[in-house]
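Got your viewer open and a selection box ready? Load the model shown here and follow along, one stop at a time.

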Amino acid sequence: MKYLILTASLLAISAGAAAAQDVVRMGTEGAYPPYNFINDNGEVDGFERALGDELCARAELTCEWVTNDWDSIIPNLTSGNYDTIIAGMSITEEREEVVDFTQPYIPPASSLFMALSEDADLAGGVIAAQTNTIQAGYIAASGATLIEFATPDETVAAVRNGEADAVFADGDYLLPIADEDADLMIVGEPVQLGGGVGMALREGDERLAAFNAAITAMKEDGTLNALILEWFGPEAATW
Amino acid sequence: MFEYCTDPSTLDTARWFGCYLTNGAHMLFYQSFLVVFALLAVTAPVSLAFGFAAAAASRSHVPPLAWAGKLYTAMVRGVPDIVFFLFFVLVLDQAIEYARHRISCPDWTDPIRQGANFLVCPEARTPAGNAPQWVHEAYGFALAVFTYAIVFGAFCGNVLFGAMRAVPRPQLETAEAYGMSRRQVFWRVLVPQMWIYALPGLSNIWMILIKATPLLFLLGIEDIVYWARELGGSRTSAYQYPHPDWRFWYFLGLLVFYLCFTRVSEIVLGRLTRRLSHGQATAAGEELRKAAA
């Protein structure tokens with residue numbers, strides 16, 4: 001009898017595994033509102049959650065959300081801990097060498113500086129940026145001193161407590177913060193970086209075509225633009 | 001949680017905090033304390049077992065066994081914890097995948113190491129790529145527990161080895177004189193008496209183990225440090241409960257938690273020492289005997 005139950009439960013487990021064959025694990029950072037963040041219920045939320053769920057529905061894939069620290073998000077994709085990165089990641093040549101990107105789902109957007117005062121020294125001062133971002137690369141190549149942080153929130157905290165003169169990040173991330181905090185303001189000129197935001201998959205993953213087709217469909221029927229306006233505000237760049 | 005929580009922006013301060021501290025993310029934060037307790041509950045006995053094995057091996061009269069025991073304690077104790085945690089977990093994970101790869105995909109021709117990538121065949125991936133999220137989390141936790149056990153096992157091994165040598169030699173000689181074998185002397189005389197000598201060292205290791213639990217965060221496990229940082233970060237009104245940077249308060253909470261936890265541990269270990277001192281030929285045992293007489 002015991003064996004019967006054991007066999008039955010083993011069968012049930014293997015049947016479950018067979019049904020779960022097509023689970024796509026969607027890797028995101030969960031710390032970059034409004035792109036992706038952990039909401040008050042402890043779930044992944046944000047523009048990319050809404051987009052990813054819609055893409056999976058259109059491509060008829062079962063998706064599961066996983067969070068991972070930003071600075072190890074690419075190695076964990078290539079070593080197979082999850083199957084996609086959908087985390088506000090700009091398409092760049094360096095990243096193209098190790099992963100495959102879908103077509104962009106957000107047009108190239110401006111990166112902005114945010115500081116405590118208008119006369120912050122952007123050219124030669126201390127600028128905070130998140131590790132391994134295109135913004136960090138840009139600052140490192142400029143004359144300013146770069147300090148890097150693991151999370152976006154820490155880059156903003158560094159400006160608030162005076163450790164950095166300014167923070168350099170995606171405008172869509174900084175604008176809501178600058179709007180709500182009277183002390184912080186956007187300074188300097190916007191900078192255009194990267195080739196738009198896309199989803200990354202392991203090189204040679206055949207699901208790339210399905211996601212690309214779903215993104216194309218969403219661009220054509222206007223649902224992608226609607227989603228961008230919903231999460232990034234009426235002034236966001238659309239397709 | 002409460003019915004009035006549907007629109008937090010209209011609430012007064014007390015109710016706002018009532019809702020805030022009971023929302024879904026905070027529930028996950030409270031659950032993560034269980035992760036810490038689970039880690040301690042599993043790691044403490046396992047590392048004690050590792051340590052016991054290492055100490056017993058170090059005393060062995062078979063040279064390779066003695067070398068293995070001594071090498072283990074010396075090597076692990078000599079490597080900084082944080083290096084060991086970051087290095088060993090990765091190596092263990094890759095070793096498991098490599099072993100499974102050799103067994104299940106003998107015909108695989110692609111190189112496994114490609115630059116920074118470690119690519120084994122899909123069947124060998126541990127846990128399987130399509131396994132549910134909890135399996136991935138449990139696997140990560142198991143790797144972490146095993147690593148903690150190895151590290152703290154080495155420290156326990158050293159303490160137990162010293163404790164075994166501290167048991168008065170005449171006790172063992174008397175047992176031998178009664179005709180006990182080496183095995184009998186070890187299990188019936190040495191082991192029961194060594195604990196009181198080991199306890200100060202072991203309680204020290206327990207304290208260090210408690211303090212080492214935040215290292216879980218480094219291993220990518222969503223422990224209390226992860227959630228304290230996550231929840232304490234400043235929130236815009238994209239969230240239901242916007243607030244400024246509150247990491248100070250969250251980490252202060254963790255500080256209080258760890259202080260209380262170590263204090264309770266101290267009290268319990270103090271009582272245990274008293275109990276184990278009964279009838280022992282130590283200063284504490286002598287004091288207990290005099291107090292009773």
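The stops below go through two sheets, then a whole chain, then a pocket. Keep in mind throughout that this is a predicted model.

**Stop 1: a sheet in chain A.** Select strands 5, 1, 6, 13 and 7 of chain A, and you get an open five-stranded sheet in just that order, with mixed pairing. The edges are strand 5 (62-67) and strand 7 (99-101) of chain A; each has a single partner strand, so one side of each has no neighbour in the sheet.

Now go to strand 1 (residues 23-28) and strand 6 (residues 84-85) of chain A, which run parallel and are joined by two bridges. To find one of these contacts, click M26(A): its bridge partner in strand 6 of chain A is T84(A).

Next, add helix 2 (residues 47-58) of chain A, which lies across strands 1 and 5 of chain A. Helix 2 of chain A runs at about 155° to strand 5 of chain A.

**Stop 2: another sheet in chain A.** Switch the selection to strands 10, 9, 11, 8 and 12 of chain A, again in sheet order: this one is open too, and its pairing is mixed. Strand 10 (145-149) and strand 12 (185-192) of chain A sit at the edges with a single partner strand each, so one side of each is left unpaired in the sheet. Look at the twist as well: ignoring direction, neighbouring strands here are turned by 30° against each other on average.

Strand 8 (residues 110-115) of chain A runs antiparallel to strand 12 of chain A, and five bridges join them. Pick F113(A) and you'll find V187(A) as its bridge partner in strand 12 of chain A.

Helix 7 (residues 171-180) of chain A lies across strand 8, strand 11 (166-170) and strand 12 of chain A. Against strand 8 of chain A, helix 7 of chain A runs at about 35°.

**Stop 3: chain B.** Hide chain A and colour chain B by secondary structure. How many helices and strands does chain B have? There are 10 helices and two strands, and along the sequence they read α-α-α-α-β-β-α-α-α-α-α-α. The radius of gyration of chain B is 25 Å, well over the 19 Å that the globule rule gives for 293 residues, so chain B is more spread out than a compact globule. Along the principal axes, its C-alpha atoms fill a box of roughly 80 × 65 × 30 Å.

**Stop 4: the second largest pocket.** Bring chain A back and select D83(A), R202(A), R207(A), P122(B) and R125(B), which lie nearest the centre of the second largest pocket among its 27 lining residues. About 800 Å³ of space lies in this pocket. Colour the lining by residue type: 11 residues are charged, eight polar and eight nonpolar.

How values were computed
Residues numbered from 1 in each chain as written. Chains lettered and ligands numbered in written order. Predicted model: local features only at pLDDT ≥ 70, side-chain atom pairs only at ≥ 80, totals over all residues. Heavy atoms only, no water. 1 Å grid on protein atoms, 1.4 Å probe; cavity = no way out; pocket = protein on both sides within 12 Å on 5 of 7 lines; lining within 4 Å. Points joined across faces, edges and corners; volume = space filled by probe spheres on them. Nonpolar A, V, L, I, M, F, W, Y, C, P; charged D, E, K, R; others polar. Pairing = 2+ DSSP bridges. Helix = DSSP H or I, 4+ residues; strand = E, 2+ residues; numbered from the N terminus. Axes fitted to C-alpha atoms, helices over the stretch in contact; angles between N-to-C directions. Contact = heavy atoms within 4.5 Å. Rg over C-alpha atoms; globule rule 2.2 N^0.38 Å.
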